[in-house]
Amino acid sequence: MTVTTGKDTRAADTLDFVAPKADELAALLVGHSRPPRPGAFSASMTFGWRAMLKIKHVPEQLFDVTAFPIMMVLMYTYLFGGALAGSVSSYIQFLLPGILVMSVVMITMYTGVSVNTDIEKGVFDRFRTLPIWRPAPMVGYLLGDVVRYLIASAVMLTVGMLIGYRPDGGIVGVLLGVALLLVFSFAFSWIWTMFGLLLRSEKSVMGVSMMVIFPLTFLSNVFVDPKTMPGWLQAFVNNSPVTHLATAVRELMAGNRPAADIAWSLGWSAVLVLVFGAITMRLYNRK
């Protein structure tokens, strides 16, 4: 004979109540298909929004796209304006598009730092297990940084206008120049995603980035016309991607249509994405 106490009876009733619920839940899960896998665009935009949320929670990250561009414009304009062009108002017409290109290209290196930081924290291990388009996390980083490049461009153009810059191309020329700069910067950032995956620390990423960016940006026509340089240096400067980009942006903002320099800038952008994008994804899949 089995004796069941009141407490045991309540436990049995509870089990009888839970068991059907568990069975019903299992039937519900089995009876429904999995939610559809997110597409490449939606996954990339989600990771891009994640990059923007990081800025929201750590607003100091905007220092390099606000204070740094202002410092660059004012310092180089008033430092070199009188010596190179005779006056600040004359030099700013030549300098601003070039320094805009230089500043935004330099800011791209922080993409690699962000990638490396997430790797060190173990976030990428989670990303790789998600059923998403494989390049989505990388593309998301770059899309988030495009917003930062846009902020830097707006800040620098505002400061330039305040100290005398007047683009003959008007608002259309300025927008075309900024759009070309954003396309090139997006492509150029793939170099730093590669280094972010390849190097062991964010300090290493910063160091290597500086070694690449400083010669590439300073050995260009950002500050002066290459015609004043020695012949051997002109050969390098005239074929630099930064020179082609700076010339294209400068001419677009001046109201001209430099087809050759635009083609070179877009061509360099395509090559950078194809080469460094492929290397980045190979490293990402093997990380």
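**Salt bridges and helix packing**

The side chains of R148 and D145 meet in a salt bridge, with N and O 3.5 Å apart. The model in which this pair is found is predicted. R148 and D145 both belong to helix 7, where they are 3 residues apart, about one turn of the helix. Both residues are buried. Helix 7 itself covers residues 136–162 and has 27 residues. From its first C-alpha to its last, helix 7 reaches 39 Å, close to the 39 Å expected at 1.5 Å a residue. The helix is followed by G164, whose phi is positive, near 120 degrees.

A search of the whole structure gives 2 salt bridges. Besides the pair in helix 7, a salt bridge is formed by D118 and R50, whose closest N and O atoms are 3.0 Å apart. D118 lies in helix 5 and R50 in helix 2 (residues 40–57), so this salt bridge ties together parts that are 68 residues apart in sequence. D118 is buried, with a relative accessible area of 3%, whereas R50 is partly exposed, with a relative accessible area of 24%.

Packing between helices was examined for helix 3 and helix 4. Two packed helices are described by the angle between their axes and the distance between the axes. For helix 3 (residues 63–85) and helix 4, the angle is about 145 degrees and the axes are 9 Å apart. The crossing of helix 3 and helix 4 is right-handed. On the side of helix 3, the residues in contact are D64, V65, F68, M72, V73, Y76, T77, Y78, F80, G81, L84 and A85. These meet V88, S90, Y91, I92, L95, L96, I99, M102, S103, M106 and I107 in helix 4. By class, the contact of helix 3 with helix 4 comprises 18 nonpolar, 4 polar and 1 charged residues.

Helix 4 (88–107) is also among the elements against which the buried residues of helix 9 pack. Helix 9 spans residues 202–218 and has 17 residues. Its reach from first to last C-alpha is 24 Å, close to the 24 Å expected at 1.5 Å a residue. The buried residues of helix 9 are V205, S209, I213, L216 and T217. In addition to helix 4, the buried residues of helix 9 pack against helix 5 (110–121), helix 8 (170–198) and helix 11 (241–253). Helix 5 is also the element that holds D118.

Definitions and conventions
Residues are numbered from 1 along each chain as its sequence is written. This is a predicted model: local features need pLDDT of at least 70, side-chain atom pairs count only at pLDDT 80 or more; totals for chains, interfaces and linings use all residues. Side-chain values use heavy atoms; hydrogens and water are left out. Helices (H or I, at least four residues) and strands (E, at least two) are DSSP runs, numbered from the N terminus. The expected span of a helix is 1.5 Å times one less than its number of residues. Buried means under 20% relative accessible area, exposed over 50%, partly exposed in between (1.4 Å probe, protein chains only). Contact means heavy atoms within 4.5 Å. Axes are lines fitted to C-alpha atoms, for helices over the stretch in contact, and angles run from 0 to 180 degrees between N-to-C directions. A crossing is left-handed if the near helix is turned anticlockwise from the far one by less than a right angle, and right-handed if clockwise. Ala, Val, Leu, Ile, Met, Phe, Trp, Tyr, Cys and Pro count as nonpolar, Asp, Glu, Lys and Arg as charged, and the others, Gly among them, as polar. A salt bridge is a side-chain nitrogen of Lys or Arg within 4 Å of a carboxyl oxygen of Asp or Glu.
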